[in-house]
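Let's walk through this fold together, moving from one well-covered helix to its neighbours and then to the cores. Here is the model to keep beside you as you read.

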Amino acid sequence: ISSSRFKIWSDTIALIRMVPWTGVGFGEVNFAWSLTPFPQRPIAFFDHTHNLELQLAVELGLPLAALVIGLLGVGLWSLVRNSLAAPDANLNDARTPAIGVSGARAALVMVLLGGIHSQLEYPLWYAYFLLPAACAWGYALGSDGAADDASNAGAASDRDRAPWLAPLLGVAVTLGGGLAMLDYQRVVVIYAPGEGAGSLESRIADGQRSVLYAHHADYAAATHDQRLAGTALAFRRAPHYLLDTRLMMAWARYLAQNGQTDAAQTVAQRLREFRNPDADEFFTACEADGAPPFQCLPPQQPVPWRAFIGR
């Protein structure tokens, strides 16, 4: 456990105290945390709290988070009960469930490892951790030690009535994966263009129409040296994915150029709290003679993080 864990947990608890009932919104913890004054914040940019329960509490609010955590607890108890009661597989007896005690308990261990990991990290926010954990969970729940022959026979009968279901689901997953890969190529070409890929502006514009990965194109548009057709859209969406040094500097300049001086100075103040070396040049102008630029002055009216939504 690094020292930054305790700092981010402390900041998360402070955010929960600010909005205990409704939370900051699903997926908005980085946005709210980065734009809220925390002078002693960790210098790294976090987009998760590195703890599942705190993540749910700060994003969903305490009442809804308690409901979700309670349901997870009920599901986990069912998982433990079924795994411990699972009968050993008897391959010579067709009436015995195919899921044996070793398989059910192995699935239980997989889920528990993911749960323990989620107390210090955020693995369940990634599909390649979440989906295997969900499959292992369902696998173990299917090993019901109290199941009798009649229920097993009924399950077999259900499978016989819909033999096409499993293949259909397999085809759907395969097609979905293929479409996701094609959609991803719309943003890959922004950063790794091939021959005949077109101008950067056209690649960014096409990437912003991506169904799943438009945030990568939004980041490219927001941090581009020149204002593009999709710049305004980029700044409405990109900060909600992950605010980092480069994006915060670009956003502050954009807000200042559009006459939103207090908002620009607020973003600059929050950026200064991160003490990131990549922002040193941005603040070097504050040491020069003459009138200081916007990032060197405090806002006359600090802007709360919720007021930045849609800017």
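A residue is called buried when its relative accessible area is under 20%, exposed when that is over 50%, and partly exposed in between (1.4 Å probe, protein chains only). Helices (H or I, at least four residues) and strands (E, at least two) are DSSP runs, numbered from the N terminus.

Two notes on the source will help. This is a predicted model, where local features need pLDDT of at least 70 and side-chain atom pairs count only at pLDDT 80 or more, while totals for chains, interfaces and linings use all residues. Residues are numbered from 1 along each chain as its sequence is written, and side-chain values use heavy atoms, with hydrogens and water left out.

With that in hand, start at α3, which is mostly covered, with 8 of its 9 residues buried. These are Leu 52, Leu 54, Gln 55, Leu 56, Ala 57, Val 58, Glu 59 and Leu 60. What do they pack against? The buried residues of α3 meet α1, α2 (29–34) and α4 (62–85), where contact means heavy atoms within 4.5 Å.

Take the partner α1 next. Helix α1 (residues 3–18) and helix α3 (residues 52–60) pack at an angle of about 30°, and their axes lie 9 Å apart. The axes are lines fitted to C-alpha atoms, for helices over the stretch in contact, with angles running from 0 to 180 degrees between N-to-C directions. From α1, the contact draws on Trp 9, Thr 12, Ile 13, Leu 15 and Ile 16; from α3 come Leu 54, Ala 57 and Val 58.

Now step back to the whole protein. It has 14 helices and 0 strands, and 37% of its 311 residues count as buried. Among contacts between residues at least 6 apart in sequence, 65% join residues at least 24 apart.

Finally, look for the cores. A nonpolar core is a set of buried Ala, Val, Leu, Ile, Met, Phe, Trp, Tyr and Cys residues joined through side-chain atoms within 4.5 Å. The largest one holds 54 residues, of which Leu 35, Trp 251, Val 267, Leu 271, Phe 282 and Phe 308 touch the most other members. Helix α12 (residues 245–257) gives the most to this core, with 8 residues. Leaving aside residues up to four places away in sequence, Leu 35 touches Leu 243, Trp 251, Val 267, Arg 270, Trp 305 and Phe 308. A second, separate core of 6 residues includes Leu 108, Val 111, Ala 136 and Ala 140.
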